[in-house]
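This report covers a residue environment, two helix packings and an internal cavity. The sequence and structure come first.

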Amino acid sequence: MESTHLIELLSYTLPALITGGVAYYFFNLHTKNEEGRRRYLLQKELQKESLPLRLQAYERMVLFLERINPAKLLIRVAPFSEDKNAYESFLIQQIEQEFEHNLTQQIYLTEDCWTVITTAKNTIIQNIRKSNMSERVDSSHKLREVILSDLLDKQSPSYVAVSYLKTEVIQMMG
């Protein structure tokens, strides 16, 4: 009689355990899917809110690169004396001030993008220093001429960086 009672108990308990296990599995799967959906929607909403800030950062960095482009920098920042070393220092100071003014924009840019921007800035400064060391340069006006003539031979580092920024923005939007 006991074995019949045990078989009867198992015949009720076993299907209940299987049903409970299947229900737990599907409930757990549903909960994970809902959590993933909520996370996706939250990320999508945050991305929608951060996109204008990121675009503004890219715009500001393009403006920075345009302002430090030697062709435009030399027009905007005229020599105040004939001293070539003072003019070199003044040009570099202008570039560094522009850079410091836009330093916080790196939060919204990719690491590679920020590296391209700082490399462009440092290359422009290096080119100014190299031009000033040239034997052809004996005054601030001659320094301007040498820097501009060097630009005729090759693209400005700021132009290359702006092209990179444009590519990143297109990828971000697409």
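## Surroundings of Glu66

Glu66 lies in helix α1, which spans residues 2-68. The model is a predicted one. The relative accessible area of Glu66 is 26%. Since buried means under 20% and exposed means over 50%, with partly exposed in between, Glu66 is partly exposed.

Leaving aside residues up to four places away in sequence, Glu66 touches Lys72 and Val162. Glu66 is also 6.7 Å from Ser158, C-alpha to C-alpha, although 92 residues separate the two in sequence. Ser158 appears again below, as one of the α6 residues in contact with α4.

## Packing of α4 with α6

Helix α4 (residues 111-133) and helix α6 (residues 157-173) have axes that come within 8 Å and cross at roughly 170°. Angles over 145 degrees count as roughly antiparallel, so α4 is roughly antiparallel to α6.

On the α4 side, the contact is made by Asp112, Cys113, Val116, Ile117, Ala120, Thr123, Ile124 and Asn127. On the α6 side, Pro157, Ser158, Ala161, Tyr164, Leu165 and Glu168 take part. Sorted by class, this contact has nine nonpolar, three polar and two charged residues.

## Packing of α3 with α5

The axes of helix α3 (residues 84-101) and helix α5 (residues 140-153) come within 8 Å, with a crossing angle of roughly 55°. That angle makes α3 and α5 oblique to each other.

Lys84, Tyr87, Glu88 and Leu91 of α3 form the contact with Ser140, Leu143, Arg144 and Ile147 of α5. By class, four nonpolar, one polar and three charged residues are involved.

## Internal cavity

The count is one cavity of 30 Å³ or more. The largest cavity has a volume of about 110 Å³. Its lining consists of Pro70, Ile124, Asn127, Ile128, Lys130, Ser131, Ile147, Asp150, Leu151 and Lys154. The elements giving two or more residues to this lining are α4 and α5, and α4 gives the most, with five residues.

The lining of the largest cavity has five nonpolar, two polar and three charged residues by class. Ile124 and Asn127 belong to this lining and also take part in the contact of α4 with α6. Ile147 is likewise one of the lining residues, and it is among the α5 residues that contact α3.

Note on methods:
Residues numbered from 1 in each chain as written. Predicted model: local features only at pLDDT ≥ 70, side-chain atom pairs only at ≥ 80, totals over all residues. Heavy atoms only, no water. Axes fitted to C-alpha atoms, helices over the stretch in contact; angles between N-to-C directions. Helix = DSSP H or I, 4+ residues; strand = E, 2+ residues; numbered from the N terminus. Parallel < 35°, antiparallel > 145°, perpendicular 65-115°, else oblique. Contact = heavy atoms within 4.5 Å. Nonpolar A, V, L, I, M, F, W, Y, C, P; charged D, E, K, R; others polar. Buried < 20%, exposed > 50% of the residue type's maximum accessible area, 1.4 Å probe, protein only. 1 Å grid on protein atoms, 1.4 Å probe; cavity = no way out; pocket = protein on both sides within 12 Å on 5 of 7 lines; lining within 4 Å. Points joined across faces, edges and corners; volume = space filled by probe spheres on them.
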